[in-house]
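Dear colleague,

I am passing the structure below to you, as agreed. Please look through it first, and then read the notes that come after it.

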Amino acid sequence: MKKYLDLESVLTKKDLSPFISTEHLKVHQYTVLTAAVTEIEKHLEEDEDLQKEDLETAQETAGFHDLELRHAIGALFNHVFFFGILNSSSAIEQREPAGRLAELINKHFTDYNGLKESFKKVVNARVLPGWVWLGLTKDKQLVITQTNNEDNTLMHGIALVQCLPIIGLDLWEHSYFTQYEGDKEDYVNRFWDFIDWGKVSANFESHNEPTYKLAPLLD
Ligand SMILES: [Fe+2]
């Protein structure tokens with residue numbers, strides 16, 4: 001857990017504009033991540049289990065904690081994951097799904113455009129703060145699902161559909177309301193151009209092994 005509490009190692013140094021403006025990046029990163037780290041640190045000293053867990057496995061048991069700590073554990077994971085799959089547009093080498101991930105996307109959604117359309121429908125229908133995910137279920141199927149607040153698909157007993165996240169999109173107001181004037185469709189349309197599919201494919205290959213385990217968020 002410790003390495004994730006060092007903000008310097010989890011803050012992205014990437015330029016994600018125009019998808020996320022510099023100003024809004026600061027909100028996600030400094031406001032949300034600083035609050036999450038402060039809350040987790042408050043509990044860390046007296047919670048030996050939390051000390052031993054890494055951020056990935058702490059998601060599974062987040063539902064056993066009080067709401068503030070569950071929120072902080074989720075927010076930290078979600079944002080580190082989100083910024084991990086994004087990259088500056090000029091730095092992205094692979095702009096579309098490839099390999100086994102592309103095959104599975106084609107099987108479930110016809111093609112990459114089909115995935116985008118299905119994902120957009122869920123984003124547009126969402127009214128509460130939360131996240132929309134593309135995930136891999138234990139029986140190796142792709143699914144689009146959503147979670148409330150800072151919950152995620154790894155949380156046992158909380159996520160409606162338990163799966164390993166492949167991609168995730170932040171749908172809190174701080175992510176789109178001001179910058180996109182509330183236009184979620186514009187926000188999600190721009191999202192795809194900033195996904196580093198090389199990184200996403202590497203995550204997928206790691207998830208897809210027989211162990212069915214989430215790839216570590218930080219190298
Ligand atoms: Fe956020």
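The notes below go through the domains, the core, the strands, the annotated regions and several single residues.

Please keep in mind throughout that this is a predicted model.

**Domains**

The domain assignment divides the protein chain into domain 1 (2–88) and domain 2 (99–208). Between the C-alpha centres of domain 1 and domain 2 there is a distance of 18 Å. Where the two meet, 22 residues of domain 1 are in contact with 25 residues of domain 2. On the side of domain 1 that touches domain 2, at least two residues come from each of α2 (22–44), α4 (55–60) and α5. Of these, α5 gives the most, with nine residues. By type, the residues on that side of domain 1 are eleven nonpolar, ten polar and one charged.

**The nonpolar core**

The largest nonpolar core comprises 50 residues, and Leu 76 and Val 132 have the most contacts inside it. Helix α5 (residues 67–85) is the element that gives the most to this core, with eight residues. Both domains take part, since at least three residues of the core come from each of domain 1 (2–88) and domain 2 (99–208).

Which residues does Leu 76 contact, leaving aside its neighbours within four places in sequence? They are Tyr 4, Leu 33, Ala 36, Val 37, Ile 40 and Leu 55.

**The strands**

Strand β1 (residues 130–136) pairs with β3 in the antiparallel sense, over six bridges. Within that pairing, Trp 133 has Gly 168 of β3 as its bridge partner. Strand β3 (residues 164–170) is mostly covered, as seven of its seven residues are buried.

β1 also runs antiparallel to strand β2 (residues 142–148), and seven bridges join the two. One bridge links Leu 136 with its partner in β2, Leu 142. The hairpin of β1 and β2 has five residues between the strands, and Lys 140 takes a positive phi near 65° in this hairpin.

As background to these pairings, side chains in a regular strand alternate between the two faces of the sheet.

**Regions annotated in UniProt**

Two annotations from unreviewed UniProt entries may help you to find your way. UniProt places a "coiled-coil region" at residues 33–61 (unreviewed entry). In the model, residues 33–61 are 79% helix and 0% strand, with the end C-alpha atoms 20 Å apart.

The second annotation, "domain: Manganese/iron superoxide dismutase C-terminal", is given by UniProt for residues 97–202 (unreviewed entry). Here the chain is 41% helix and 20% strand, and the end C-alpha atoms are 11 Å apart.

**Backbone details in the loops**

Several loops have backbone features that deserve a look. The peptide bond from Ser 17 to Pro 18 is cis, with omega near 10°. Pro 18 is placed in the loop between α1 (7–10) and α2.

Thr 110 is not a glycine, yet its phi is positive, at about 80°. This residue is in the loop between α6 (99–109) and α7 (112–125). Is Thr 110 buried or exposed? Thr 110 is exposed, because 12 other C-beta atoms lie within 10 Å, and a residue with 12 or fewer counts as exposed.

Glu 181, also a residue other than glycine, has a positive phi near 50°. Its place is the loop between α8 (173–176) and α9 (184–191). Glu 181 counts as exposed because it has 9 C-beta neighbours inside 10 Å.

**Two helix residues**

Leu 101 lies in helix α6. Why does Leu 101 count as buried? The reason is its 23 C-beta neighbours inside 10 Å, given that 20 or more are needed for a residue to be buried. Leaving aside neighbours within four places in sequence, Leu 101 is in contact with Ser 201 and Phe 204. Leu 101 and Ala 159 are 58 residues apart along the chain, and their C-alpha atoms are separated by 23 Å.

Thr 31 is found in helix α2. Thr 31 is exposed because it has 11 other C-beta atoms within 10 Å. The C-alpha atoms of Thr 31 and Glu 205 are separated by 33 Å, and the two residues are 174 residues apart along the chain.

With kind regards

Technical notes. Residues are numbered from 1 along each chain as its sequence is written. This is a predicted model: local features need pLDDT of at least 70, side-chain atom pairs count only at pLDDT 80 or more; totals for chains, interfaces and linings use all residues. UniProt positions are given in the numbering used here, feature names are shortened, and annotations may be inferred rather than shown by experiment. Helices (H or I, at least four residues) and strands (E, at least two) are DSSP runs, numbered from the N terminus. A nonpolar core is a set of buried Ala, Val, Leu, Ile, Met, Phe, Trp, Tyr and Cys residues joined through C-beta atoms within 7 Å. Domain bounds come from an automatic or database domain assignment. Two residues are in contact if their C-beta atoms, placed from the backbone, lie within 7 Å. Ala, Val, Leu, Ile, Met, Phe, Trp, Tyr, Cys and Pro count as nonpolar, Asp, Glu, Lys and Arg as charged, and the others, Gly among them, as polar. Two strands pair if DSSP finds at least two bridges between them.
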